[in-house]
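Me: Please take a close look at one part of this model, the protein surface that faces a DNA strand. I should like a connected account of what lies there.

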There are 2 protein chains.
Amino acid sequence: MEKQYNLSKNQKIILNLIVKSTEPLKAYSILYNVQKKGIKAPLQVYRALDKLVEIGKIHKIESRNAFIACQNSSCQISKATAFSICESCEKVSEISNSKLSKYLSNFTDEAGMKYNKYNLEFFGLCKKCKTS
Amino acid sequence: MEKQYNLSKNQKIILNLIVKSTEPLKAYSILYNVQKKGIKAPLQVYRALDKLVEIGKIHKIESRNAFIACQNSSCQISKATAFSICESCEKVSEISNSKLSKYLSNFTDEAGMKYNKYNLEFFGLCKKCKTS
DNA sequence: CTTATAAATGTTATATTATTACATAATGTT
DNA sequence: AACATTATGTAATAATATAACATTTATAAG
Ligand SMILES: [Zn+2]
Ligand SMILES: [Zn+2]
Ligand SMILES: [Zn+2]
Ligand SMILES: [Zn+2]
């Protein structure tokens, strides 16, 4: 586990929940699960999520409106994210592939424009779902 | 303009609106704009959007919950999409780059898994916003 | 240690996005 | 015509996310 010195109380609570989860968590599911810890309102959850996304501790899976812990220790600020999503069981993994990230970070479009950030979501069937 | 033979009334109305738009449209903005044409309920919009996405006429910009017309005539079924999004003015363009799409369509992860679908969103500043 | 500033919290209300459920109508196929 | 498939209409509700405002806690200077 990494240091969390600068995280606030709510941020720690919510990060811990997300880190422990084996699947992406949705905001209101998080809310439900931290109510016993005193977090009562959606906004408290969304604020913590915003901050955690900003510092790269978690990522938002846009196509699912859900959040997972960063599985890539080097991904301090989440400007370059790639995920594998199983369309059957909804398992999500973060892809850490340096060739891919280099390729995308250096990508220049037809107009010569470069980008400072990207998010890539791959969809398919995971091993389990493919063989069953 | 392409053929629309198989599109239903609502689907045509909504596709036409999206095609004419210079920016991605949100579902409730679409609803507001087609109420004069007799479409009254969110569900009518969402159903048309679902179908149009399914057949590749439009794409959903996941990070914006908005929809744009496919700008790539060869993109019949939208399994491989890439977009450029300006973080300042929110201008969105579809990227049609055969090298990029080949690279991503052939991508195999560490575990040897291949994917049948992907969505990529690049973020940055468009030309206009960079120089102003 | 006090003052200033920024960051985080608590709380209520509300806005925005999307789906469930059920009845009906239009379209395509045999 | 009979059947299956797709689309529509309508009402209600679920799920996701933000606005506004008052207060508290943490950090950084002076
Ligand atoms: Zn990461
Ligand atoms: Zn699976
Ligand atoms: Zn397209
Ligand atoms: Zn711009």
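Reply: Helix H3(B) supplies four residues to the surface near DNA strand D, the largest share. The model is predicted, so that local features need pLDDT of at least 70 and side-chain atom pairs count only at pLDDT 80 or more, whereas totals for chains, interfaces and linings use all residues. Residues are numbered from 1 along each chain as its sequence is written, chains are lettered from A and ligands numbered from 1 in the order in which they are written, and side-chain values use heavy atoms, with hydrogens and water left out.

A residue is near the strand if one of its heavy atoms lies within 4 Å of it. Around DNA strand D there are 16 residues, of which Lys26(A), Leu43(A), Ser8(B), Gln44(B) and Arg47(B) come nearest. By class, this surface has six charged residues (Asp, Glu, Lys and Arg), five nonpolar (Ala, Val, Leu, Ile, Met, Phe, Trp, Tyr, Cys and Pro) and five polar (the others, Gly among them).

On the DNA side, sugar or phosphate accounts for 46% of the strand D atoms within 4 Å of the protein, and bases for the rest. Polar contacts, which are pairs of N or O atoms within 3.5 Å, reach the phosphates. The side chain of Lys26(A) has an N or O atom 2.5 Å from a phosphate oxygen of DNA strand D; for Tyr46(A) the distance is 3.2 Å, and for a polar side-chain atom of Lys9(B) it is 3.5 Å. Two or more residues of the surface near DNA strand D come from each of H3 of chain A, helix H1 (9-20) of chain B and helix H3 (42-54) of chain B. Helices here are DSSP runs (H or I, at least four residues; strands are E, at least two), numbered from the N terminus.

How values were computed: Polar contact = N/O pair within 3.5 Å; in protein donor to acceptor, adjacent residues only side chain to side chain.
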